Amino acid sequence: MLSILALLAVAAVDVGPARLPLDADPTVKALVEQALKASPDIGRADASARAEGERAPQVGSLPDPTLTLGIQNDGFKGIQIGTMETSYWQVMLTQPIPWPGKLSAREAAARSQASVAGAEAARLRLTTTAEVERAYVDLLLVRGQLGILSKLEVLWKEAEVMARTRYEVGQGPQSDLLRAQLERTRLLQRRVALEGEERTSLQALNRLRVHPLDEPVPTPLPLSAFADPVLRAAIEVVADAERRSPDLAIAALSVQAAERRVDSARKEWFPDLAVTAGVMPRGQIEPMWTLQLGITLPVWGATKQSKGVEESQSRREADLRGEESVRQMVKLRATERRTLLAAALQTLDIYRGGILLQSDATVRSTMAQYQVGKVTFPSVLEVLRGLVVDQGGYLDALAAAQKIAVADREVSLGPPDGLRGGGSAGSMPGAGSVSAGRAGGAAGSPQPAVAPATTGSMSSGM
């Protein structure tokens, strides 16, 4: 009996004061830095942004001049240059000149579009950082569950020894021994599921930093060692989200780019100019020269230019409405995350100040009563399972709070994910809580699932 109580003391989840925020952990920072440097998606986004930036000088430059070489000759019997006044060589240079303001408008539109590409690259960096942090939380969670499972295996082994001893001396039924053996077998199935979860979490993290998928990643600190996220005032949360949101920045820059395109389209109404200068050498006769000014007549292109302005104005209106839509979504998601974080923090307080302490006290009381024969062995097993369920639920609450904070730093537009079912339900090792926790990740991320058979065995086994 004393050995079981000692194991319970070892199995208790650390609920002591946290040391540092998740994003300040050196391990996490190193993983994020590796992912940002190695990500091919970020490299592609940066290259696209540079390409957009190189377009602006091109569209803002004058068109290339045209060099024309020719000859004019009198008759077909011979070259008459130098003998006939109307025979000459011809060298002409024509320089197209867009109407003043056209080139600057086109360049401004191109630079605005380059700013949009730069903001998109910034969004990808923020998303990659958040994906690394979420994957690390997933890894911490599943390893924490494996730790609980290891302690549970020791407890069940000790319980089996007790049941066997009581059965052999005739003080307990054979069913107690069989039940303990059954539970130990079920633990093997749960361990297989959890180890699979650990591998997939590790592979997801290594993919983000472009390392070998099965390369080990150390987790020096458990989830309980990190500081709880800070709950800020609602108005502060919304203002901070609007200020930092890359999506809102992209939408605002898209509106600016659309306005520049409207301005450029309006200037297309004005005609372009062409200056031509030429010289005609005539041999021994004094040479001739010419200077011409051409102007385009927007007769046939009037409809095209009008439609171009209307197209640009319609796209600007679409971008304006898109910006407002993004702004509303940013406010909604920021408010939702704050609401869920408040619930998660309250849940953690309940675990630390009530559930875990009461669960431990219940186990100790039940064990003491069992020692004097006042309760049955199944009652002892039930409270042991309840203790581990509560520890698993506490880990889930820790992971949920951290993931909400990650989504807040990311300023994610995806729906946030909070605690499911209020905490401990479904939080046992191998019951699929890691997969459920990943639902709060980036949209489109693959979500590993636990086989139904495993989930069922967890419910029946615990």
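**Cores, a stacked pair and a four-stranded sheet**

Modeller: In this predicted model, the largest nonpolar core has 51 residues, and Y136, L205 and L223 are the ones with the most contacts inside it.

Colleague: What makes a set of residues a nonpolar core?

Modeller: The members must be buried residues of certain nonpolar or aromatic kinds, joined through side-chain atoms within 4.5 Å, and 51 residues of the model form the largest such set. The elements that give two or more residues to this core are α2 (26-38), α4, α5 (174-208), α8 (302-371) and α9 (377-410), with α4 giving the most, at 16 residues. A second, separate core has eight residues, among them A241, A251, V330 and V411. In soluble globular proteins, nonpolar side chains tend to be buried together.

Colleague: Which residues is Y136 in contact with, once its neighbours within four places in sequence are left aside?

Modeller: Y136 is then in contact with L22, D25, T27, V28, L31, L205, P218, T219, P220 and F226. L205, one of these partners, is itself listed with Y136 among the residues that have the most contacts inside the largest core.

Colleague: Why is the pair of W99 and F270 called stacked?

Modeller: A search of the whole structure finds two aromatic pairs. For W99 and F270, the ring centres are 5.7 Å apart and the planes stand at 10 degrees; because pairing requires centres within 6.5 Å and stacking requires planes under 30 degrees apart, both conditions are met, and the pair counts as stacked.

Colleague: Why can one say that this pair ties together parts that are 171 residues apart in sequence?

Modeller: W99 lies in the loop between β2 (88-97) and α4 (102-168), whereas F270 lies in the loop between α7 (246-267) and β3, so the pair links those two parts of the chain.

Colleague: How do you know whether W99, F270 and L297 are buried or exposed?

Modeller: Buried means under 20% relative accessible area and exposed means over 50%, with partly exposed in between. W99, at 30%, is therefore partly exposed, and F270, at 41%, is therefore partly exposed as well. L297, which is found in the loop between β4 and α8, has 66% relative accessibility, so it counts as exposed. The C-alpha atoms of L297 and F270 are separated by 8.9 Å, while the residues are 27 apart along the chain.

Colleague: What makes β1 and β4 the edge strands?

Modeller: The open sheet has four strands in the order β1-β2-β3-β4, with antiparallel pairing; β1 (66-72) and β4 (285-295) each pair on one side only, and are the edge strands for that reason. From one strand to the next, the twist averages 15 degrees.

Colleague: How do you know that β3 and β4 pair?

Modeller: At least two bridges are needed for two strands to pair, and β3 (residues 273-282) and β4 have nine, in the antiparallel sense, so they count as paired. A277, for instance, has L291 in β4 as its bridge partner. These strands form a hairpin with two residues between them, where G283 in the turn has a positive phi of about 70 degrees.

Definitions and conventions: Residues numbered from 1 in each chain as written. Predicted model: local features only at pLDDT ≥ 70, side-chain atom pairs only at ≥ 80, totals over all residues. Heavy atoms only, no water. Axes fitted to C-alpha atoms, helices over the stretch in contact; angles between N-to-C directions. Phe/Tyr/Trp six-rings, centres within 6.5 Å; stacked < 30°, edge-to-face > 60°. Buried < 20%, exposed > 50% of the residue type's maximum accessible area, 1.4 Å probe, protein only. Contact = heavy atoms within 4.5 Å.
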